[in-house]
Amino acid sequence: MIKIHKFSVAPMVDKTDRHFRYFLRAFSKKSLFYTEMITAKSIIHGDKNKILDFDPIEKPLALQLAGDNVEEMVEAVKIAENWDYDEINLNIGCPSDRISGNNMGAVLMAYPFLVRDMVIEVKKITKKPVTVKHRIGIDGTGILDETFENKILDSYEYLKEFVSIIDEGNPDRLTIHGRIAILKGLSPKENREIPPLNYDFVYKVKKDFSHLNIEINGGIKTKEDIDTHLKNVDSVMIGREIYDNPYFLNIADSYYDICNAPTSREEAIENILDYVDSYEKNGFNSNSIIRHLLGLYHGQKNSKLWKNSLNIQNIKKLGGKKTLMEAIKLMKHN
Ligand SMILES: Cc1cc2nc3c(=O)[nH]c(=O)nc-3n(C[C@H](O)[C@H](O)[C@H](O)COP(=O)(O)O)c2cc1C
């Protein structure tokens, strides 16, 4: 059985990398983080350490995988078993051309038996929870072939059928992004904005499959949103709002009945100074870390000042640690 879980930070390519996850952990000990989507092929054929290494501070951490066939998913998970991830998550929601065109991500909503078999076979080789992240449906026009009489799979009946088939694989959680993916004609960014949100479908899934652990995702921005959703489903996943405003994550642990004082912005920076320093000492450019800290003062009167002080010239001249220390000093005096 999966541990009680209430809150997660969504996987986001180019955003939830290990640096951002390290930084974010200052605000929440309990919420689940995800890797960016990683293809099974890249794990099998690529630089495994580079792709799979992480710092234990990032835990609990789920590995998110995309793949088009059971064998490669299994092989990738076998490799990943050498790393201490807390969960394996299958990406059945990515709408990008590159991913859908290769029969991965959201297009697999049209192939529920394949997704079910991925869950079944992956569960045979790991004791970790195996979860699925998907949409409420897809418009596969221009992508699905002629064997599909109906290429628009956006009805609740279809979602119910999809979930009932996945359910046969005994998934430990379904995270459902409450909008469909339009597989041709929209960019991934547009696919996170244009198809309307329909939380009711997600709530209905929880009602119809009350034994399943259901997480809701998409457009969640406030504590009020979270509280409303938690009356209807088991947990919430938030992506962009946390990236743009990481301080917001301070509220997450309260959903685990932990009443710590919120971590201040200054403490979060202090936490990461040595990490930044040792990254630089290993010859890397700390802008790869600092770029994720720009949203820290989101909504505060000095947020522009913060962003401006973390510019590349300062990082080059002073180094990352000093740039951050100077920026924090500046924020205190303004
Ligand atoms: C830049 C970016 C990259 C994303 N990459 C992934 C990904 O790798 N895997 C995935 O399942 N979803 C990915 N997503 C979708 C998010 O996980 C999430 O489902 C979506 O942003 C909706 O949640 P939100 O409204 O809270 O941001 C990405 C979203 C963004 C903004």
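**Exercise 1. Salt bridges**

How many salt bridges does the rule count? Describe the one that involves Glu58.

*Solution.*
Step 1. The model is a predicted one. The count comes to 20 salt bridges.
Step 2. Find the partner of Glu58. Glu58 pairs with Arg21, and their closest N and O atoms are 2.8 Å apart. The cut-off is 4 Å, so this pair qualifies.
Step 3. Place both residues. Glu58 sits in the loop between helix H3 (48-52) and strand S4 (61-66), while Arg21 is in helix H1. They are 37 residues apart, and the pair links distant parts of the chain.
Step 4. Recall the principle. Side chains of opposite charge can pair when their charged atoms come close.

**Exercise 2. Overall dimensions**

Why does the radius of gyration of the chain agree with that of a compact globule?

*Solution.*
Step 1. Take the chain length, 334 residues.
Step 2. A compact globule with that many residues would have a radius of gyration near 20 Å.
Step 3. The chain has 20 Å, so the two agree.
Step 4. Add the box. Along the principal axes, the C-alpha atoms fill roughly 65 × 45 × 40 Å.
Step 5. Add the secondary structure. The chain holds 15 helices and 12 strands.

**Exercise 3. The domain interface**

Which domains does the assignment give, and what area do they bury between them?

*Solution.*
Step 1. Set the bounds. Domain 1 spans 7-256 and domain 2 spans 265-332.
Step 2. Separate the centres. The C-alpha centres of the two domains lie 30 Å apart.
Step 3. Count contacts. From domain 1, 15 residues touch 15 residues of domain 2.
Step 4. Take the area. About 1400 Å² is buried between domain 1 and domain 2, with 60% of it on carbon and sulfur atoms.
Step 5. Find the main contributors in domain 1. His19, Tyr22 and Phe23 lose the most area to domain 2, together 42% of what that side buries.

**Exercise 4. Polar links and the domain 1 face**

How many salt bridges cross the interface of domain 1 and domain 2, and which helix gives the most to the domain 1 side?

*Solution.*
Step 1. Two salt bridges cross the interface.
Step 2. Asp17 forms a salt bridge with Arg291, with 3.6 Å between the closest N and O atoms.
Step 3. Six residue pairs are in polar contact across the interface.
Step 4. Helices H1 (18-24) and H10 (240-244) each supply at least two residues of the domain 1 side. H1 gives the most, with five residues.
Step 5. Sort that side by class: eight nonpolar, two polar and five charged residues.

**Exercise 5. Backbone exceptions**

Where is Pro60, and is the peptide bond from Lys59 to Pro60 cis or trans?

*Solution.*
Step 1. Pro60 lies in the loop between H3 and S4.
Step 2. The bond from Lys59 to Pro60 is cis, with omega near 0 degrees.
Step 3. Turn to Asp14, in the loop between strand S1 (7-9) and H1. Asp14 is not a glycine, yet its phi is positive, about 75 degrees.
Step 4. Set these against the general pattern. Most residues other than glycine have a negative phi, and most peptide bonds are trans.

Methods. Residues numbered from 1 in each chain as written. Predicted model: local features only at pLDDT ≥ 70, side-chain atom pairs only at ≥ 80, totals over all residues. Heavy atoms only, no water. Domains from an automatic or database assignment. Contact = heavy atoms within 4.5 Å. Buried area = accessible area lost by both parts, 1.4 Å probe. Salt bridge = Lys/Arg side-chain N within 4 Å of Asp/Glu carboxyl O. Polar contact = N/O pair within 3.5 Å; in protein donor to acceptor, adjacent residues only side chain to side chain. Helix = DSSP H or I, 4+ residues; strand = E, 2+ residues; numbered from the N terminus. Nonpolar A, V, L, I, M, F, W, Y, C, P; charged D, E, K, R; others polar. Rg over C-alpha atoms; globule rule 2.2 N^0.38 Å.
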